[in-house]
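Here are some short exercises to work through with the model open beside you. Try each task before reading its solution.

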4 protein chains.
Amino acid sequence: MANTFGRLFRLTTFGESHGEAIGGIIDGVPSGIALDLEAIQRELDRRKPGQSAIVTQRKEADEVRFLSGIFEGRTTGMPIGFSIANTNAKSHDYDHNTQAYRPSHADYTYDKKYGIRDHRGGGRSSARETANWVVGGAVAKQVLKAIQINAFVSSVGEIFIDKPYQALDFSKTETNAVRCPDAATAEKMEAYIKEIRKQGDTVGGTVTCVLQNVPVGWGEPVFDKLHAALGHAMLSINAAHGFEYGSGFCGAKMKGSAHNDLFNPDGTTQSNLSGGIQGGISNGMDIYFRVAFKPVATIMQTQPTIDSDGNTTEIQGKGRHDPCVVPRAVPIVEAMAAMVLADFYLMNKIYN
Amino acid sequence: MANTFGRLFRLTTFGESHGEAIGGIIDGVPSGIALDLEAIQRELDRRKPGQSAIVTQRKEADEVRFLSGIFEGRTTGMPIGFSIANTNAKSHDYDHNTQAYRPSHADYTYDKKYGIRDHRGGGRSSARETANWVVGGAVAKQVLKAIQINAFVSSVGEIFIDKPYQALDFSKTETNAVRCPDAATAEKMEAYIKEIRKQGDTVGGTVTCVLQNVPVGWGEPVFDKLHAALGHAMLSINAAHGFEYGSGFCGAKMKGSAHNDLFNPDGTTQSNLSGGIQGGISNGMDIYFRVAFKPVATIMQTQPTIDSDGNTTEIQGKGRHDPCVVPRAVPIVEAMAAMVLADFYLMNKIYN
Amino acid sequence: MANTFGRLFRLTTFGESHGEAIGGIIDGVPSGIALDLEAIQRELDRRKPGQSAIVTQRKEADEVRFLSGIFEGRTTGMPIGFSIANTNAKSHDYDHNTQAYRPSHADYTYDKKYGIRDHRGGGRSSARETANWVVGGAVAKQVLKAIQINAFVSSVGEIFIDKPYQALDFSKTETNAVRCPDAATAEKMEAYIKEIRKQGDTVGGTVTCVLQNVPVGWGEPVFDKLHAALGHAMLSINAAHGFEYGSGFCGAKMKGSAHNDLFNPDGTTQSNLSGGIQGGISNGMDIYFRVAFKPVATIMQTQPTIDSDGNTTEIQGKGRHDPCVVPRAVPIVEAMAAMVLADFYLMNKIYN
Amino acid sequence: MANTFGRLFRLTTFGESHGEAIGGIIDGVPSGIALDLEAIQRELDRRKPGQSAIVTQRKEADEVRFLSGIFEGRTTGMPIGFSIANTNAKSHDYDHNTQAYRPSHADYTYDKKYGIRDHRGGGRSSARETANWVVGGAVAKQVLKAIQINAFVSSVGEIFIDKPYQALDFSKTETNAVRCPDAATAEKMEAYIKEIRKQGDTVGGTVTCVLQNVPVGWGEPVFDKLHAALGHAMLSINAAHGFEYGSGFCGAKMKGSAHNDLFNPDGTTQSNLSGGIQGGISNGMDIYFRVAFKPVATIMQTQPTIDSDGNTTEIQGKGRHDPCVVPRAVPIVEAMAAMVLADFYLMNKIYN
């Protein structure tokens with residue numbers, strides 16, 4: 001339901017951006033799995049604010065503290081409780097939001113739905129919640145040791161990588177602030193984001209993710225298709241406006257004779273426009289998908305808006321916000337993908 | 001789970017394309033709702049094969065039979081059981097599939113996952129299953145009487161409607177075989193589909209859907225965002241390869257200053273790039289989204305493939321298949337959207 | 001939820017006692033299991049009305065018809081849809097109930113909850129629904145071939161079997177109409193039920209159930225304790241008013257020194273007051289529990305009551321009802337136990 | 001699933017008895033409810049160890065700390081995260097358990113199921129987990145302000161209250177250490193528990209619970225019967241071995257003519273052997289039920305047992321354990337009942 005993600009590998013979360021702490025409970029992890037806690041913290045560090053010049057300069061330690069479910073370095077099969085303190089919640093940055101609704105934010109819909117709103121921040125609609133997901137995903141990655149999960153920024157505004165993912169070296173993704181594995185494109189993207197920030201503006205982008213070594217047979221044929229679960233997961237990320245896998249929207253323009261993936265004798269396919277999923281079930285080929293993120297709604301320019309009484313007013317972002325969300329979305333995309341895969345991995349232990 | 005859709009408004013289905021019947025159970029419908037059973041059958045008729053020259057010529061009566069949950073024309077609050085007989089399963093059309101895997105179909109993944117496969121058809125991966133969804137959606141539509149749900153074909157191959165949806169008259173959608181409300185574009189699409197069929201080929205396309213009159217406040221802020229639920233629903237439809245809402249993939253190229261939807265004093269917005277959803281919650285504006293469908297995998301041309309023993313062989317589609325899936329996808333998109341909305345409508349009765 | 005039972009082995013049902021058919025969908029059955037359909041029908045025959053002199057004389061063929069999920073005698077991993085026609089719904093037997101509320105029945109609560117009631121019978125509160133459960137349970141039994149599930153009538157009114165279950169021969173349970181494996185007690189029970197029926201009255205009783213060969217490790221330690229799931233299942237059966245396992249209510253009078261089950265070196269225990277479950281998890285010993293059933297509410301005597309307008313009136317049962325529910329409850333108890341076990345069996349494939 | 005309780009009002013928990021903290025997430029609480037946090041702490045204080053001479057002398061502060069979901073004293077509709085530190089985990093008390101399995105404890109089943117066990121305590125099978133439930137229940141009570149929930153000790157060993165609950169004054173329950181509202185019986189119980197403790201032994205007992213002012217219409221007719229949900233909840237409590245509601249096991253001995261609850265013109269009933277629930281749905285009368293608890297397994301006497309290698313050994317309880325669990329079970333029974341009712345209350349907002 002609302003604050004729980006997954007069927008068998010389940011993450012349940014709590015926490016507001018400006019409360020004491022956020023955290024969660026990871027349930028369904030099998031017992032006896034050795035957990036590298038530092039690797040989990042490293043994933044969190046990839047997501048955290050203040051890590052480079054092109055992201056928000058808020059400083060959050062984002063240190064995860066595990067409270068249960070781990071004994072002598074191994075999972076016990078019991079729920080893994082964790083918390084992350086909110087150490088740097090500058091509530092006064094948000095005072096001006098007390099009444100004015102930020103355009104294209106969740107302020108208005110929240111107020112109408114719940115009738116009560118912690119005006120100190122975005123509440124549960126804040127992207128801070130995604131730190132919890134990164135913890136869940138980092139645990140999931142360790143459950144899925146044989147599987148490679150690599151996300152990267154594939155476009156920022158109109159700038160995009162003009163190569164298939166097979167031509168990229170994923171080990172380069174973390175070598176630049178944009179998280180784009182193609183050095184030349186990364187440079188252009190970084191320059192563009194800096195320019196955008198100077199304008200007090202923001203820009204959208206896309207993240208591509210490739211899942212390799214997923215065995216044949218994950219996913220179910222009707223309502224739990226693997227790509228539908230991935231789509232749900234990706235569209236849960238703040239600012240996501242689109243999802244496509246395999247041939248995606250381009251495939252809608254193609255003919256079947258060109259689109260069909262012909263088999264090799266070993267069951268692999270010559271092309272992979274299916275994106276590694278046929279009939280909702282993995283076929284052993286690479287799974288790849290792309291997520292579209294709209295530009296961050298909080299801009300540093302003055303915008304007209306209304307307050308909760310319907311009076312017209314003005315608003316100008318003053319907090320420490322990202323000019324472009326996609327670099328920090330990369331570890332989140334990976335985390336959500338990892339949790340989806342861990343869930344199907346467990347389900348598959350029953351039915352395969 | 002696998003064969004159940006929804007949290008509160010729930011459809012659970014069964015049935016293979018070539019068994020005796022398909023059917024389902026709709027659970028969670030409040031009591032006392034007057035049901036127009038003919039309207040439900042009309043929705044099924046929109047989906048059924050053989051209704052026009054550009055879709056498959058299989059003939060299925062597709063008559064839904066309600067077995068429970070309705071008394072004197074009203075829902076009783078009890079589960080609504082229904083079945084649809086498979087009257088025209090020509091199993092011999094599929095005999096050639098006994099061993100050969102159809103490229104880009106679910107044959108291979110099914111065999112590997114379940115180790116048993118009813119070679120007479122696609123089993124649960126057949127689009128016949130979607131007839132069950134149309135019944136569920138038709139009931140959902142009647143639960144949601146004040147809401148308008150209009151889907152239509154927005155592109156076939158490279159041909160697309162070059163107008164915003166606001167310029168279209170949805171009452172024209174059913175006036176042509178393609179289900180495109182723009183007459184000139186519809187004509188081009190129809191001609192193109194006929195040409196494709198002559199080539200023994202198939203082509204992809206997109207369906208756009210507009211949801212009007214959805215109240216403010218539907219959707220939840222974290223894992224049950226309204227657009228994530230819609231995305232999951234749409235990506236569950238056979239051949240769907242992509243989903244975008246509001247500004248979608250185009251939004252990923254935009255700047256925040258251009259993308260933000262500024263408020264009118266009444267809480268409506270001047271633009272609607274948010275697609276009627278902010279922070280996962282409906283804001284009262286039109287909700288619109290687009291679904292990409294790949295070309296149908298079964299083509300009438302000879303293709304090399306392999307059989308279940310890994311021998312190379314050839315295959316040629318002989319059944320009665322659609323050259324383009326999108327005209328028949330229109331009522332399915334509407335049905336899935338209706339079920340998602342009905343689910344959030346019920347959830348909202350608790351929390352609003 | 002309301003009409004679905006189970007987490008992984010899931011039965012979803014529909015149907016009223018006086019509609020066209022009842023039925024259900026069994027989801028989560030692994031593929032490749034050989035199903036003996038006649039064995040399933042035999043379980044239904046054990047439950048059906050009219051099978052002996054001491055149960056209701058309604059005649060229902062209760063023939064189950066499988067619609068999907070089975071191919072060449074084996075499960076396909078797909079949902080198993082089934083229906084059972086209502087062939088002998090004598091609605092006029094119930095005409096007198098149109099307005100009068102039957103005491104201790106669900107008529108009053110139904111009317112208040114749903115505002116609409118099919119006065120031709122008990123609707124979903126009718127025990128006819130349990131025929132669906134017997135189908136689900138019969139499939140579950142075949143998933144659990146190594147496990148013995150034996151229920152029997154352990155008391156009727158004040159008459160009870162004065163022996164531990166270990167002294168009973170379960171193969172005798174079906175040799176008498178009462179389904180009591182102890183011949184002498186069965187005779188007394190049968191005579192008593194006949195006498196009660198002559199009085200136009202009804203009587204309660206208990207069913208005991210023994211589960212043998214359940215491996216160590218089924219059940220989860222917190223909210224899915226094996227005995228809690230069994231309790232939920234048993235209390236779902238019509239007229240059930242109590243559940244106890246192992247030492248049960250007697251155990252509440254005992255001291256720990258007498259109650260503790262001491263271990264043998266092989267991990268078995270010398271006594272088994274734990275009822276085969278410790279900390280919610282099976283320990284490999286016999287699991288046994290007892291279910292209390294109140295007397296059937298419909299009696300053939302005249303009772304004062306009220307109608308839906310609050311007027312006082314009289315009512316007298318005229319339909320064909322059971323004087324004692326426990327003989328027919330035996331296969332239902334077994335069916336529910338089998339479904340609970342099948343669910344934990346599947347869950348255990350993940351975590352063990 | 002395993003560590004989540006409830007459908008709409010959901011508690012998800014984590015934590016071992018000897019880890020850093022336990023805690024949970026309460027999801028599904030509507031927004032705008034004023035929460036009395038001190039009242040929640042008072043409920044925890046009722047459960048905590050060391051509060052009287054007849055319970056375990058372990059000292060735990062058991063202070064709950066709320067981390068989210070509450071703003072200016074009111075619920076926000078967001079998940080309520082909380083934690084309770086484990087301040088007094090004397091692990092050395094448990095060292096002797098490293099290898100020896102305590103008879104009738106979960107040690108053996110845990111080891112076999114998970115293959116890893118935190119020998120410092122009972123892990124998730126420890127009753128410490130129920131502190132989390134008391135927090136969930138205390139929040140639920142505040143959601144259900146109009147409903148009275150009163151549990152009390154109705155028997156200890158062979159000593160029981162020889163009066164119907166209607167003759168008791170629930171305000172007296174907290175006036176003695178046993179939590180028995182009948183002063184004379186309480187005195188006998190207390191003396192008996194002290195004697196048992198002197199023997200190094202333990203004793204079982206029963207808790208009765210009465211729910212008053214529950215409106216007509218809560219509960220669903222098939223798999224979510226109100227009493228089945230209550231039974232599941234109660235059987236989830238450590239050491240519970242039985243549950244009965246209304247006439248319970250006594251009802252199984254009665255005739256229908258004596259058992260039926262005849263109506264008054266206003267829809268109330270003259271008797272209430274139905275226990276306030278008919279057909280799984282509340283009828284507006286008092287709901288009452290009884291839970292049987294076995295004697296605590298840890299006794300201060302020497303018992304033979306085996307270790308994890310199958311060697312015979314001896315064990316003697318040395319920790320600070322309860323000689324009788326029922327006094328401390330009273331607030332837990334109330335908490336679980338409150339959560340069940342809150343869940344049905346929310347579900348009923350949809351369907352009534």
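**Exercise 1.** Find how many bridges join β4(D) to strand β7 of chain D, and place the pair in its sheet.

*Solution.* Step one: 3 bridges join β4(D) to β7 (residues 80–85), and the two strands run antiparallel. Strands here are DSSP E runs of at least two residues, helices H or I runs of at least four, numbered from the N terminus; two strands pair if DSSP finds at least two bridges between them. One bridge links D:Phe66 to D:Phe82 of β7(D). Step two: the open sheet has 5 strands, in the order β1-β2-β3-β7-β4 with antiparallel pairing. Its edge strands, β1 (4–5) and β4 (64–66) of chain D, each pair on one side only.

This is a predicted model, where local features need pLDDT of at least 70 and side-chain atom pairs count only at pLDDT 80 or more, while totals for chains, interfaces and linings use all residues. Residues are numbered from 1 along each chain as its sequence is written, chains are lettered from A and ligands numbered from 1 in the order written, and side-chain values use heavy atoms, leaving out hydrogens and water.

**Exercise 2.** Is A:Arg47 buried or exposed?

*Solution.* Start with its place: A:Arg47 lies in helix α1 (residues 37–47) of chain A. Next, its relative accessibility is 3%, so A:Arg47 counts as buried (under 20% relative accessible area; exposed is over 50%, partly exposed in between; 1.4 Å probe, protein chains only). Finally, contacts (heavy atoms within 4.5 Å) beyond four places away in sequence include A:Asp62, A:Arg128 and A:Arg328.
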